[in-house]
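Open the structure in your viewer and keep the selection tool at hand. The stops below start at the ligand and then move along the chain.

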Amino acid sequence: MVSIGGRNGATLAARARSSRVGTFAAMRSFASDNHAGVPEQVLATIAAANVDHAPAYGEDPWTARAERCFRDQLGEQAEAFLVFNGTAANVLALRATCRPWEGVICAASAHINVDECGAPERIGGVKLLAAPAPDGKLTPDQIDRMISGVGDEHSVQMRLLSVSQSTELGTCYSPAELSALSDRAHERGLYVHLDGARLGNAAASLGVPLRAITTDAGVDVVSFGGTKLGLLAAEAVVFLRPELAADFRYLRKQSLSLASKGRFLAAQFVALFEDDLWLSLASHANAMAGRLAAGLVSVERVRITQAVQANAVFAMLPAAAIEQLQERWPFYVWDEHTGEVRWMCSWDTTPAEVDALVEAIAAAVGG
Ligand SMILES: Cc1ncc(COP(=O)(O)O)c(C=O)c1O
């Protein structure tokens, strides 16, 4: 029996350590795309990298191949630095762009604001200024409203706009929306950071190449997500404005994020880009979320609260149904104040699992 108490799964973790590990091992989860395993193609490429010896710290041929893949996807100016996880990618991107007296504008729901345990402030050493964004998306006018005290030594100087694509609420910025944000940010002297933990899901959903929502949309630095798409553990900080990358290798090492056996991080990205694996994994996860949303439309007493534009479905449903459902299908109560829940689909979610969940939800709410 498996259940999740809050959005970060404390109860789930506690129960996983309990005597119910057997059932836990068999679970299929809608709590997070991090709950899924790793596609065979990725494991096979890691195994292919596991021959002979290779130089450490990114001096190996696999890292060169991965860097080439990023340039092929995002343009010749793209400089990619591999790291272990998304929080490190974000914090490093902030550190690379902001000086200690500078700050970051982000959505209130941004992962850097609510889900990184204060690492951007503590480790990054920057102030975050969070703007309300009920659908997870910021607008150009909000940038203007968030900037004040320019040139005043008593005020933090805003230096970076950070947006998430797809957003933490499962929505996507169109290329035009992103370009408008970048234009306004640049006009106001800000760099633009994209938290792309689910960048692949956004590109797949929008039907555009990765560069359309990064390089071509005026983004300066990207936290490029691999893990949520299906990698074992690999993310990248990708600079699209070369001068920002100049001293980054020192920053990455000093910030504890330089892998010694870097070839194994790199091999994961090589697998992800080969034959557009990222696109098929992301498209599938998105399609499963679409199927779930479509199945719930006719279920009375369930209200979908956000546009379903990537691999997540947000909804309100009667509180009594939530706990009952979580016993069988782990998912997060996203907002403990409103009771809004999140169902997240993964690269390996099956149509049958989605249909079974819809059926269970309908039964639990008495629909
Ligand atoms: C939007 C977003 N950014 C960044 C991260 C951070 O990833 P990690 O858990 O690998 O640090 C997550 C993970 O949930 C995320 O959802």
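**Around the ligand**

The shell around the ligand is made up of one nonpolar, five polar and five charged residues. The model is a predicted one, so treat each stop as a feature of a prediction.

Select the ligand and display its surroundings: Asn85, Gly86, Thr87, Asn90, His111, Glu116, Glu168, Asp195, Ala197, Arg198 and Lys228. Next, colour helix α5, residues 86–97; with three residues, this helix gives the largest share of the shell. If you display pockets, look in the largest one, where the ligand sits.

Now show the polar contacts of the ligand at three residues.

- Thr87: an N or O atom of the side chain is 2.6 Å from an oxygen atom of the ligand.
- Gly86: here a backbone N or O atom is 2.9 Å from a ligand oxygen atom.
- His111: a side-chain N or O atom lies 3.2 Å from an oxygen atom of the ligand.

On its own the ligand has 390 Å² of accessible area, and the protein covers 82% of this.

**Two buried residues**

Select Ser162, in strand β4 (residues 157–164). Is Ser162 buried or exposed? Its relative accessibility is 4%, so Ser162 counts as buried, the cut-off being under 20%. Add His193 to the selection: the side chains of Ser162 and His193 are joined by a polar contact of 2.9 Å.

Go next to Leu138, in the loop between β3 (127–131) and α8 (140–146). Leu138 also counts as buried, because its relative accessibility is 6%. Select Ala107 as well and draw a C-alpha to C-alpha distance: Leu138 and Ala107 are 6.3 Å apart in space, with their positions 31 residues apart in sequence.

**Backbone details**

Select Gln165 and Ser166 and look at the peptide bond that links them. The bond from Gln165 to Ser166 is cis, with omega near -5°. Ser166 belongs to the loop between β4 and α9 (175–187).

Move to Cys117, in the loop between α6 (111–114) and α7 (119–122). What is the sign of phi at Cys117? Phi is positive, about 55°, although Cys117 is not a glycine. Cys117 has a relative accessible area of 82% and is therefore exposed.

The last stop is Asp275, in the loop between α12 (263–273) and α13 (277–296). Asp275 has a positive phi near 50° and is a residue other than glycine. With 75% relative accessibility, Asp275 counts as exposed, since exposed means over 50%.

Technical notes
Residues numbered from 1 in each chain as written. Predicted model: local features only at pLDDT ≥ 70, side-chain atom pairs only at ≥ 80, totals over all residues. Heavy atoms only, no water. Near = heavy atom within 4 Å. Polar contact = N/O pair within 3.5 Å; in protein donor to acceptor, adjacent residues only side chain to side chain. Areas by Shrake-Rupley, 256 points an atom, 1.4 Å probe, with all protein chains shown as cover. 1 Å grid on protein atoms, 1.4 Å probe; cavity = no way out; pocket = protein on both sides within 12 Å on 5 of 7 lines; lining within 4 Å. Sits in = over half its atoms within 2 Å of the grid points. Helix = DSSP H or I, 4+ residues; strand = E, 2+ residues; numbered from the N terminus. Nonpolar A, V, L, I, M, F, W, Y, C, P; charged D, E, K, R; others polar. Buried < 20%, exposed > 50% of the residue type's maximum accessible area, 1.4 Å probe, protein only.
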